[in-house]
Amino acid sequence: EFMQVFWEIEEAQDKAIQLLASFVRDKSALPYLQRFTELIAFAMKTHVDSLKLQEDGCSLLLEILSQALEQDVVGALDENVTVSLLETLRKHSGNEELLSLVCTVLMMISASEVAAENLRKAGAIPDLLSILRSFLHNEQICLSCCGVLWSLAASENTVDQAVLKSAVPVTSAVLQEHLQNGAVTESACSALWALSLQGCLSENDYEPTTALLLDALRMNPERPVLVKNAFLALASLLRLSEIPALRFIMDPKGNGINLIKYAYHLHFDHPEVVENICMLINEMLQYDEVVLDMRFQKMEELLSEIKTSFPSS
């Protein structure tokens, strides 16, 4: 009630947010999730010029949503929350610290199909790409923005193809920049997979993207989600053309078949990884030259082992 009565007074709103933060630290915010997020978002939108209020508001949203995710109760937030966060992002596009907070919150809420649709309708993708170009060095921003891109590109709802295509070089740049950071690489691989499924990669992208995905697998073979998504992205590329297939087996840094074998060795007990290995192998079988190499590399032995380990799949 206090926040509603004193909407226009910045100091009152910031004080109320601080009091809510104390409450959230001491007690669960889950019973009040919808109400709290709407109040915070409205205060942020009303006082969008106030850097302190934006930082405090985003930090509180992050705390509330973290609690909700722990309990698996994040539902569809009000559209005003999404709109408010985008206004903050646009108004303070040069503030790296605040953007890191905002993008993290956007990633958390974009898991909801409704929120992803709201972001799409509000034209969030060009803003995210602009931020990535400006702060390519920032690991948290890159992780979060690629996470949002994955949610938007994987959405069943139509996204402007030209806008999505413009995300390919930026996402590739993120992957190239952060190959040694497993979390960021995982997020970028997910985004590239979604973009490839949407047909956003041109023929000129096939070979360099394949090389990047192979590098991601070499640098982070122990991460099952990354391995799974990298193989899915590779499978979608091989489905389109022989160009990535040939790069896969003739990459100067090593044959991709060896990466398949190593990934299976590490994740033989992870059904989703093994399933995606099989999906990639299935795409490889389209191309005679690749099949010859698979025989040379004795892939029949690996397939027999998989069949024995997963007889019912």
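This talk describes the helices of one protein chain and several residues within them.

The structure is a predicted model, in which local features need pLDDT of at least 70 and side-chain atom pairs count only at pLDDT 80 or more, while totals for chains, interfaces and linings use all residues. Residues are numbered from 1 along each chain as its sequence is written, and side-chain values use heavy atoms, with hydrogens and water left out.

I begin with the chain as a whole. The protein chain holds 19 helices and zero strands; both are DSSP runs, numbered from the N terminus, with helices (H or I) of at least four residues and strands (E) of at least two. Of its 313 residues, 53% are buried. Here, buried means under 20% relative accessible area, exposed means over 50%, and partly exposed lies in between, with a 1.4 Å probe and protein chains only. The accessible surface comes to about 14600 Å², and carbon and sulfur atoms hold 51% of that area; the areas come from the Shrake-Rupley method with a 1.4 Å probe, and for residues only the protein chains shown count as cover. Among contacts with a separation of 6 or more, 74% join residues 24 or more positions apart, where a contact means heavy atoms within 4.5 Å.

Let me turn to helix H9, residues 139-153. Its 15 residues reach 21 Å from the first C-alpha to the last, close to the 21 Å expected at 1.5 Å a residue; the expected span is 1.5 Å times one less than the number of residues. At the start of H9, a side-chain oxygen of asparagine 138 comes to within 3.1 Å of the backbone nitrogen of glutamine 140. How many of the residues of H9 are buried? The count is 12 of 15, and H9 is thus mostly covered. Cys142, Cys145 and Cys146 are among these buried residues, as are Leu143, Leu149 and Leu152. The helices against which the buried residues of H9 pack include H6 (96-109), H8 (124-134) and H12 (182-197).

One residue of H9 merits a separate remark, namely serine 151. Serine 151 counts as buried because its relative accessible area is 11%. Leaving aside residues up to four places away in sequence, serine 151 touches Ser110, Ala111 and Ala116.

In helix H8, I would single out aspartate 127. Why does aspartate 127 count as buried? It does so because its relative accessibility is 18%. Its side chain and that of arginine 90 are joined by a polar contact of 2.8 Å. By polar contact I mean a pair of N or O atoms within 3.5 Å; within protein, one must be able to donate a hydrogen and the other to accept it, and residues adjacent in sequence count only if both atoms are side-chain atoms. Aspartate 127 touches Leu89 as well as Arg90, not counting residues up to four places away in sequence. Between the C-alpha atoms of aspartate 127 and leucine 86, which are 41 residues apart along the chain, the separation is 8.5 Å.

Next comes a helix pair. Two packed helices are described by the angle between their axes and the distance between the axes. For H12 and helix H13 (residues 203-219), the axes come within 11 Å and cross at roughly 145°. Axes are lines fitted to C-alpha atoms, for helices over the stretch in contact, and angles run from 0 to 180 degrees between N-to-C directions. Where H12 meets H13, Thr185, Cys189 and Leu192 of H12 face Thr209, Leu213 and Ala216 of H13 in contact.

Finally, I consider helix H17, residues 271-284. Its end C-alpha atoms are 20 Å apart, which agrees with the 20 Å that 14 residues should span at 1.5 Å a residue. Its buried residues include Val273, Asn276, Ile277 and Glu283, and they pack against H14 (224-240), H15 (242-250), H16 (256-267), H18 (288-296) and H19 (299-309). Glutamate 283 counts as buried because its relative accessibility is 11%. Its side chain makes a polar contact of 2.9 Å with the side chain of glutamine 286. Glutamate 283 also touches Ala235, Leu238 and Arg239, not counting residues up to four places away in sequence.

In H14 itself we find valine 225. Valine 225 is described as partly exposed because its relative accessible area is 37%. The C-alpha atoms of valine 225 and glutamate 272 are separated by 8.9 Å, with their positions 47 residues apart along the chain.
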